[in-house]
Amino acid sequence: MSENFLRLIPTDPWYMPTPAAQDQASTLFASLVQEEGIQAYMTEDASFVDPGSNLKRILCPRCGAVLSMEWWVQAMDRAYTDTQFRNLDVMVPCCETRCSLNDLRYEWPAGFARFLLEARSPENDLTEEQLALFEPLLDGRVRKIWAHY
């Protein structure tokens with residue numbers, strides 16, 4: 001049986017909210033998506049938060065070129081093997097721009113994080129206005145990730 005997950009991460013991959021901010025963000029998330037089974041995950045290092053089978057393609061953030069999955073997999077392997085994702089810097093092959101793996105344009109959205117909130121098959125989605133409510137709690141912008149497995 002397939003499942004959908006709604007995930008929320010800070011756009012800063014290394015940001016870790018205080019325990020109080022984590023609790024406030026979890027409570028807000030649960031109230032907005034009307035789901036009781038909210039999970040909050042914290043990791044020592046940044047990890048990739050993927051959209052599962054929703055991932056369609058990855059684009060260069062500068063020129064918009066489609067990046068090959070082969071290039072991306074190799075870049076991810078290097079970043080993990082060399083630094084356990086502590087260094088996400090890459091040079092994209094299309095326009096030779098330096099950027100972060102976190103800043104690539106993932107369709108559907110994805111990113112790196114040490115902290116994430118997750119709801120399994122929630123009743124509601126989050127609007128842009130609702131996402132903005134998390135900014136003061138999580139010290140900046142957040143990214144919404146819909147994952148399908």
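## Overall fold

The protein has 3 helices and 9 strands. This is a predicted model. Along the sequence, these elements come in the order β-α-β-β-β-α-β-β-β-β-α-β.

The radius of gyration is 16 Å, in agreement with the value near 15 Å for a compact globule of 149 residues. Along the principal axes, the C-alpha atoms fill a box of roughly 45 × 35 × 30 Å. Of the 149 residues, 42% count as buried. The accessible surface comes to about 8100 Å², and carbon and sulfur atoms account for 49% of that surface. Among contacts with a separation of 6 or more, 81% join residues 24 or more positions apart.

## Helix α1

Helix α1 covers residues 19-33. Its 15 residues should span 21 Å at 1.5 Å a residue, and the end C-alpha atoms are indeed 21 Å apart. Gln34 follows α1 and has a positive phi, near 50°.

The buried residues of α1 are Ala21, Gln22, Ala25, Ser26, Leu28, Phe29, Leu32 and Val33. Their cover includes the strands β1 (4-10), β2 and β8, together with helix α3 (128-132). Gln22 is a polar member of this buried set, so which residues does Gln22 touch?

## Gln22 in α1

Gln22 has a relative accessibility of 13% and therefore counts as buried, the cut-off for buried being under 20%. Leaving aside residues up to four places away in sequence, Gln22 touches Met16, Pro17, Met42 and Phe115.

## Helix α2

Helix α2 runs over residues 69-83 and has 15 residues. From first C-alpha to last it reaches 21 Å, close to the 21 Å expected at 1.5 Å a residue. Just after α2, Gln84 takes a positive phi of about 50°.

Trp71, Trp72, Ala75, Met76 and Ala79 are the buried residues of α2. They lie on the same side of α2 because they cover an arc of only 130° around the axis. The face turned away from this buried side carries the exposed residues Glu70 and Thr81.

Which strands do the buried residues of α2 pack against? The partners are β2 (39-49), β3 (57-59), β4 (66-67), β5 (89-91), β7 (105-107) and β8 (111-120). Strands β2 and β8 appear in this list, and they also help cover the buried residues of α1.

## Cysteines

How many disulfides does the model contain? With a disulfide taken as two cysteine sulfur atoms within 2.5 Å, the count is 0. Cys60 is in no disulfide, and the nearest cysteine sulfur, in Cys94, is 3.6 Å away. The sulfur of Cys94 has its closest cysteine sulfur in Cys63, at 3.5 Å, which is too far for a bond.

Is Cys60 buried or exposed? Cys60 is buried, with a relative accessible area of 0%. Cys94, in contrast, is partly exposed, with a relative accessible area of 36%.

Definitions and conventions. Residues numbered from 1 in each chain as written. Predicted model: local features only at pLDDT ≥ 70, side-chain atom pairs only at ≥ 80, totals over all residues. Heavy atoms only, no water. Helix = DSSP H or I, 4+ residues; strand = E, 2+ residues; numbered from the N terminus. Expected span 1.5 Å × (residues − 1). Buried < 20%, exposed > 50% of the residue type's maximum accessible area, 1.4 Å probe, protein only. Arc of directions from axis to C-beta. Contact = heavy atoms within 4.5 Å. Rg over C-alpha atoms; globule rule 2.2 N^0.38 Å. Areas by Shrake-Rupley, 256 points an atom, 1.4 Å probe, with all protein chains shown as cover.
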